[in-house]
Amino acid sequence: SSEVSRGSFRALPQQLSLSVSPMRMMSRRCGIAAAAYTALAGSARAWDLGEWLEIESKKDQAAVGPTTCWCKDIKVLVDSRIDAASTELQGLESAAKIQHFENEQLSLKVQDHNADAGEHQQTLDQAVAINSRSGAGSDEHVGSLEQALGTIRSAIDNAESGSSAHSTLKELEGMMSKKLESFKAEDEAASSQFKELQAAKQNMLRLSKEAVASHLRRLADGMAAVAQANAQIDAYTSRREADHTLSSSVKSLCERLESEAEERAKLRQDSTILVSQAKVEEAQHKSQEAASKLMSLTQSQFVRGVRAHGQNTLSTVTSRLLAALELRHDRHGSCPTSVEHAEFSERLAAEALDGSKKSAHDLMALVAKASEIKTGLGRMLQGAVTNAHVAENKLKGDLKASVDKIFSMAEGQLSSLTQPFDDIQANGKESAMADQRLVTELMSAKAEASQELVEAKRCNR
């Protein structure tokens, strides 16, 4: 659009000279053509402010463009981190609750098996004590029977063979021997039965103790799992809270930068309109001035004809100027676990760790880029302040006032530029620290998952 306008201006002197060539022959002494040319050529200087506004607009857009992209990228990343943390927290909290209730059941089972083991041990101890006392009594009874049998056999040896006493003693010996053998057989059967019962009770005691140990191991693993989940919950919660703070800072900054860019554009647009109006008014003034000069010339018929011809020519030039201005204005606007389960768990742990590392890296890159964005905006605003100050000295009236508004706004925006970017850096650092804690927890979980896979492969070999 500027090329069209500047082209229109460059064509005006040639068009004018061609149009008033008959008039030059009759009016060299009046200087009419020279005055008209000077008036129109002088109007071209009014375009300098318009061109400066266009240049400032391009500089502004060059600085704001990367800012808009950066705002979009960091908003998307921080929002995705918050969503990811919320999803992870939901899963971790559910898993922790399930494992907590399972741990409660395991704890009750441990208590039950401990009670069973205690009962088995008590019964076994009582049985051993009873058997010990019974065994002692049995041994004493056997001893007394053997002693009595020995006495009888001594009496038989001393008794006369064939006598009634000898016969009686022999009968007594037989009865005593049978009684002794019967008692020994009963005692041996009782001892064998006790040993069988003792072995069964000992086996029950062993199984109860093994169940206690097994459930205690599972309980320990479950408690470790809950502790790990709670640690990750804390880490994800901390990161999400830090990211919420960062998100708020980013939103505030980006909305502010967008609003400030719109305000700067509006002020430039207002100034451009004023420039356009000034150009139109100046052109009209020049046209009227030239027409007035023509009206004061000699009243000769020839000169009046020339005057009429010249007036028509100036009106045409003015129309071309207005058309050029309008054109320019229009264009701006599982064993403990299976191998498969262990592999799956390790893969999930690895994915969580890798994802967290990448997210942390991407966030830090964008936070670091904030410094570059601030520098670019600062340079643009500083340039706007300097250039507006220079431009003010070349203007007056409404145009000067409009440029003064641009100066004041750019100066105010420049002075308040640092703090919101410092907030981004500080809040980004908090998110980075939260990322470090989370990565540490996820690295520990990954190491445990890898160890569980090794144990699962060894166990299921």
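This is a short tour of the structure, stop by stop, with a suggestion of what to select at each one.

**Stop 1: the whole chain**

Keep in mind that you are looking at a predicted model. Show the protein chain as a cartoon and you will find nine helices and zero strands. Following the sequence from start to end, the pattern reads α-α-α-α-α-α-α-α-α. The protein chain has 461 residues, and buried residues make up 34% of them.

**Stop 2: colour by confidence**

Now colour by pLDDT. The mean for the protein chain is 77, with 75% of the residues at 70 or more. Select residues 1-47, where the pLDDT is below 50. In the model, this stretch has 55 contacts beyond near neighbours in sequence. Then select residues 297-334, another stretch where pLDDT stays under 50. Here the model has 53 contacts beyond four places in sequence. You may like to fade both stretches before moving on.

**Stop 3: the largest nonpolar core**

Which residues of the largest nonpolar core touch the most other members? Select L49, W70, L377 and F421: these are the ones, in a core of 38 residues. To see where the core comes from, colour α4 (47-158), α5 (164-295), α7 (339-392), α8 (397-415) and α9 (418-459), the elements that each give two or more residues to it. The biggest contribution is from α7, with twelve residues.

Zoom in on W70 and show its surroundings. Setting aside residues up to four places away in sequence, W70 touches L253, C254, L366, K369, A370, I373 and I424. There is also a second, separate core to pick out, made of twelve residues. Among its members are A229, I233, L353 and V439.

**Stop 4: T67 on α4**

Next, go to T67, which sits in helix α4. Is T67 buried or exposed? With a relative accessible area of 4%, T67 is buried. Display L257, I373 and L377 as sticks, since T67 touches these three when residues up to four places away in sequence are not counted. Two of these names may look familiar: I373 is also touched by W70, and L377 was on the list of core residues that touch the most other members.

**Stop 5: α7 against α8**

Hide everything except α7 and α8. These helices pack at an angle of about 150°, and their axes are 8 Å apart. The angle is over 145°, so α7 and α8 count as roughly antiparallel to each other. The crossing of α7 past α8 is left-handed.

To see the contact itself, select G378, L381, Q382, A384, V385, A388, H389, A391 and E392 on α7. On the α8 side, the partners to select are K400, V403, D404, F407, A410, E411, Q413 and L414.

**Stop 6: two neighbours in sequence on α8**

Stay on α8 and select K405 and I406. K405 is exposed, with a relative accessible area of 51%. I406 counts as buried, at 11% relative accessibility.

Each can be tied back to α7 with a distance label. From K405 to A388, the C-alpha to C-alpha distance is 9.1 Å, across 17 residues in sequence. From I406 to V385, the C-alpha to C-alpha distance is 7.9 Å, across 21 residues in sequence. What else is I406 in contact with? Bring back the other helices and you will see L53, L267, R268 and S271, leaving aside neighbours within four places in sequence.

**Stop 7: α9, from N427 to M443**

Show α7 and α9 together. Their axes come within 8 Å and cross at roughly 165°, and α7 and α9 are therefore roughly antiparallel to each other. As α7 passes α9, the crossing is left-handed.

Select N427 on helix α9. At a relative accessible area of 15%, N427 is buried. Apart from its neighbours within four places in sequence, N427 is in contact with T245, L246 and S249.

Finally, move along helix α9 to M443. M443 counts as partly exposed, with 45% relative accessibility. Draw a last distance from M443 to A349: the two are 94 residues apart in sequence, and their C-alpha atoms are 8.2 Å apart in space.

How values were computed:
Residues numbered from 1 in each chain as written. Predicted model: local features only at pLDDT ≥ 70, side-chain atom pairs only at ≥ 80, totals over all residues. Heavy atoms only, no water. Core = buried A, V, L, I, M, F, W, Y, C linked by side-chain atoms within 4.5 Å. Buried < 20%, exposed > 50% of the residue type's maximum accessible area, 1.4 Å probe, protein only. Helix = DSSP H or I, 4+ residues; strand = E, 2+ residues; numbered from the N terminus. Contact = heavy atoms within 4.5 Å. pLDDT = per-residue confidence, 0-100. Axes fitted to C-alpha atoms, helices over the stretch in contact; angles between N-to-C directions. Parallel < 35°, antiparallel > 145°, perpendicular 65-115°, else oblique. Left-handed = near helix turned anticlockwise from the far one by under 90°.
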